[in-house]
Amino acid sequence: MRERKLEILVDDHRLEAVQELLTESEFPFRLHKNEDNSCLFTTVLSASDVEALTDEIQNRLPGDGYQLVVLPVEVAIPAIPDKAPSPESSHKRISREELKAEFADSSRISVNYLSMVVLSTLVAAIGLHRDNVAVIIGAMVIAPLLGPQMALGLGVTLGDLKLLRGALRTSFAGLFLAFVVAVLAGLLWPLDPESAEVQSRIARPSLADVALALAAGSAGALAFAGGVQASLVGVMVAVALLPPLVVLADMLVLERADDAATAALGLFANVIGINLAAVAVFTLQSVRPRTPFELRLSAKMLKRALFVWLTLLAAYVAILASFGT
């Protein structure tokens, strides 16, 4: 995990508090006094140590009068060693603020997001029409479905209502737009229900669908929490969501209600698994709010979310039982 550079700009009367904190934390730092009596502290530390230090700074410096900036570091020579893990958590992950910043754009509906949804859905529809796995995978590479799903899990874990609402809107908008595009594509280029790629998505559902979704959601959450490139994980999430949605739309166009219901059930299982896995991984990674009020709110939201997702999972299993699987 790469290092981070922290820049802390404070008023002159807050200088001693920050200097004392950095000295206690045993992080090497530099201090520069500006002509306007402000002070700039800089330090380089492991990404996994950022959250504890920034939390302590916010606790000791309530209100305004300071600004804290976290910058990525490509190389530090010599390398910055990690501090000993705290009793609360030994997980190697980036800070909650970095995670929230990472998902800020993913939880907003933008022209680029909607355009990528349209393009990826069209490519997926063409791939299914041609029964071409390579084209379908190409659609997954450009599908922007990972971010909103992970942002939804993080919003629940942190009790962040703004992030949660934004992620819900973005997820629903993306899936609805993909459905509409798939319907239009189905009217122009009807799928062959007997093709291998379509058959694999209208086959009898099983617990393997949930396992795939759980794996995709867990991989996505772990990738983001570790601060590593998540584009390949995004392919996994898109594979779990986009093709079943396109097949569902096309089966409705072809008036094949049973096949449409099976595709919808597969999509249902994938949404459950991805979101349940994301919430579970962020929780196990000790991603939690800073203030007591936010902690209480996140605990309530987490219980409700787990109840909803586990209830839906139980309903899916019950439906499987009715199929005799």
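This report walks through a predicted model, from the whole chain down to single residues.

Local features need pLDDT of at least 70, side-chain atom pairs count only at pLDDT 80 or more, and totals for chains, interfaces and linings use all residues. Residues are numbered from 1 along each chain as its sequence is written, and side-chain values use heavy atoms, with hydrogens and water left out.

## The whole chain

The protein chain has twelve helices and four strands. These are DSSP runs, numbered from the N terminus: helices are H or I with at least four residues, strands are E with at least two. The C-alpha atoms fill a box of roughly 70 × 35 × 35 Å, taken along the principal axes. Of the 325 residues, 45% count as buried. Buried means under 20% relative accessible area, exposed means over 50%, and partly exposed lies in between (1.4 Å probe, protein chains only).

Contact means heavy atoms within 4.5 Å. Among contacts with a separation of 6 or more, residues 24 or more positions apart account for 80%.

## Helix 2 and its surroundings

Helix 2 covers residues 50–60. Its buried residues are Val-50, Glu-51, Leu-53, Thr-54, Asp-55 and Ile-57. What covers them includes strand 1 (3–10), helix 1 (15–25), strand 3 (39–46), strand 4 (66–72) and helix 3.

Two packed helices are described by the angle between their axes and the distance between the axes. Here, the axes of helix 2 and helix 3 (residues 96–104) come within 8 Å and cross at roughly 100 degrees. That makes helix 2 roughly perpendicular to helix 3. Axes are lines fitted to C-alpha atoms, for helices over the stretch in contact, and angles run from 0 to 180 degrees between N-to-C directions. Angles under 35 degrees count as roughly parallel, over 145 as roughly antiparallel, 65 to 115 as roughly perpendicular and the rest as oblique.

Which residues meet? Val-50, Glu-51, Thr-54, Asp-55 and Gln-58 in helix 2 meet Arg-96, Glu-97 and Glu-98 in helix 3. By class, this contact has one nonpolar, two polar and five charged residues. Ala, Val, Leu, Ile, Met, Phe, Trp, Tyr, Cys and Pro count as nonpolar; Asp, Glu, Lys and Arg as charged; the others, Gly among them, as polar.

## Helix 4

Helix 4 (residues 111–130) has 20 residues. It reaches 29 Å from its first C-alpha to its last, close to the 28 Å expected at 1.5 Å a residue. The expected span is 1.5 Å times one less than the number of residues.

Tyr-113, Val-117, Ser-120, Thr-121, Ala-124, Ala-125, Gly-127 and Leu-128 are buried in helix 4. They cover an arc of only 160 degrees around the axis, which puts them on the same side of the helix. The arc is that of the directions from the helix axis to the C-beta atoms. The face turned away from the buried side carries the exposed residues Val-111, Asn-112 and Arg-130.

## Loop residues

Just after helix 4, Asp-131 takes a positive phi of about 60 degrees. Ser-286 also has a positive phi of about 60 degrees, although it is not a glycine. Asp-64 belongs to another loop. The C-alpha atoms of Asp-64 and Val-10, 54 residues apart along the chain, are separated by 9.3 Å.

| Residue | Loop between | Relative accessibility |
|---|---|---|
| Asp-64 | helix 2 and strand 4 | 69%, exposed |
| Asp-131 | helix 4 and helix 5 (133–142) | 33%, partly exposed |
| Ser-286 | helix 11 (257–284) and helix 12 (292–323) | 10%, buried |
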